[in-house]
Amino acid sequence: MEKLIVALTGAGISAESGIPTFRGKDGLWNKFRPEELATPEAFFRDPKLVWEWYDWRRGLIAKAEPNEGHKTLAKIEKEFPHFYLITQNVDGLHQKAGSEKVIELHGNIWKVKCVNCKYETYEYRTPLPEIPPRCEQCGGLLRPGVVWFGESLPMDALQKAYELSRESLIFIVIGTSAVVYPAAELPYIAKENGAEVIEVNPEETPISRIADKIFREKASTGLKKVYDYLKDRYGAER
Ligand code: APR
């Protein structure tokens, strides 16, 4: 079987790029209520409010650069052919760091979708020229191309993520509190199918219980140690 190495990332890997996480002491959900900003009901109730929040987040992300954690994952992808990256993040920093095989479970904050004609495109302007933005095809209301609470994940991305988790030999979980499903199920699926689970997180999470190896530190330093571990394990057998 291919030496499949899979990584699952969450907001924590972008923390060192200056992007706030959702939970924990400075988390976004401490300041904002997700049910008012990150649900379809919130959006259709007040598209302007929701877009003002996303415009603010897009502004933050536009100024952010990938950190050593993102860069190390891009390096691992280049050196280990059977490496795949699954992310819950919508900031696009993995791609900006050079990762190409990226599965975005929760969409991408630069993508916009028309609620009327379903037209999809990438809109990188920040701040947005008009709020809420309108579809250039039909003039309909555009929504952020992200997955909100209560919405289903993109089927192709989710199916691929389940497949990779089942087939993985090593499953690395980085910077996620592992409380939001179905993404949080992936490490358990990997474990059940015999994978070695590695966690990189300064805090304990539910995954800590099933982890074979834990780097209780930030992604930027912990992933360097994971890289060295992979080189020791597989470098020689390349
Ligand atoms: N390096 C690694 N991990 C870190 C760092 C860091 N520098 N800083 C914080 N963390 C960890 C925290 O300890 C926490 O476990 O990152 C995790 C962030 O957890 P959350 O804020 O809950 O983010 P995430 O797990 O990605 O949330 C999942 O919830 O709100 C939804 O759709 C949103 O994709 C998101 C999903």
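This is a chat about a predicted model of a protein with a ligand.

Reader: Hi! Which residues are closest to the ligand?

Author: Hello! The closest ones are Phe22, Arg23, Thr176, Ser177 and Asn201, and they belong to a set of 21 residues that surround the ligand.

Reader: Nice. And what classes of residue make up that shell?

Author: The shell around the ligand has nine polar residues, eight nonpolar ones and four charged ones.

Reader: Okay, polar contacts now. What does Asn201 do with the ligand?

Author: Asn201 places a polar side-chain atom 2.8 Å from an oxygen atom of the ligand. His106 also has a polar side-chain atom by a ligand oxygen, at 2.9 Å.

Reader: And Phe22, which part of that residue is involved, backbone or side chain?

Author: For Phe22, a polar backbone atom is 2.7 Å from an oxygen atom of the ligand.

Reader: How much of the ligand does the protein bury?

Author: The protein buries 90% of the 740 Å² that the ligand exposes when taken alone.

Reader: Which pocket is the ligand in, then?

Author: The ligand takes up the space of the largest pocket.

Reader: Switching topic: where do the domains run?

Author: The domain assignment gives domain 1 as 5-18 + 66-106 + 152-233, and domain 2 as 27-63 + 110-146.

Reader: How many residues does each domain bring to the contact between them?

Author: Domain 1 supplies four residues and domain 2 supplies six.

Reader: Last one: what separation do their centres have?

Author: Taken over C-alpha atoms, the centres of domain 1 and domain 2 are 27 Å apart.

Notes
Residues are numbered from 1 along each chain as its sequence is written. This is a predicted model: local features need pLDDT of at least 70, side-chain atom pairs count only at pLDDT 80 or more; totals for chains, interfaces and linings use all residues. Side-chain values use heavy atoms; hydrogens and water are left out. A residue is near a molecule or strand if one of its heavy atoms lies within 4 Å of it. A polar contact is a pair of N or O atoms within 3.5 Å; within protein, one must be able to donate a hydrogen and the other to accept it, and residues adjacent in sequence count only if both atoms are side-chain atoms. Accessible areas come from the Shrake-Rupley method with a 1.4 Å probe; for residues, only the protein chains shown count as cover. On a 1 Å grid over the protein atoms alone, a cavity is a set of points where a 1.4 Å probe fits but cannot get out, and a pocket is an open set with protein on both sides within 12 Å along at least five of seven lines; lining residues have an atom within 4 Å of a point. A molecule sits in a cavity or pocket if more than half of its atoms lie within 2 Å of its grid points. Ala, Val, Leu, Ile, Met, Phe, Trp, Tyr, Cys and Pro count as nonpolar, Asp, Glu, Lys and Arg as charged, and the others, Gly among them, as polar. Domain bounds come from an automatic or database domain assignment. Contact means heavy atoms within 4.5 Å.
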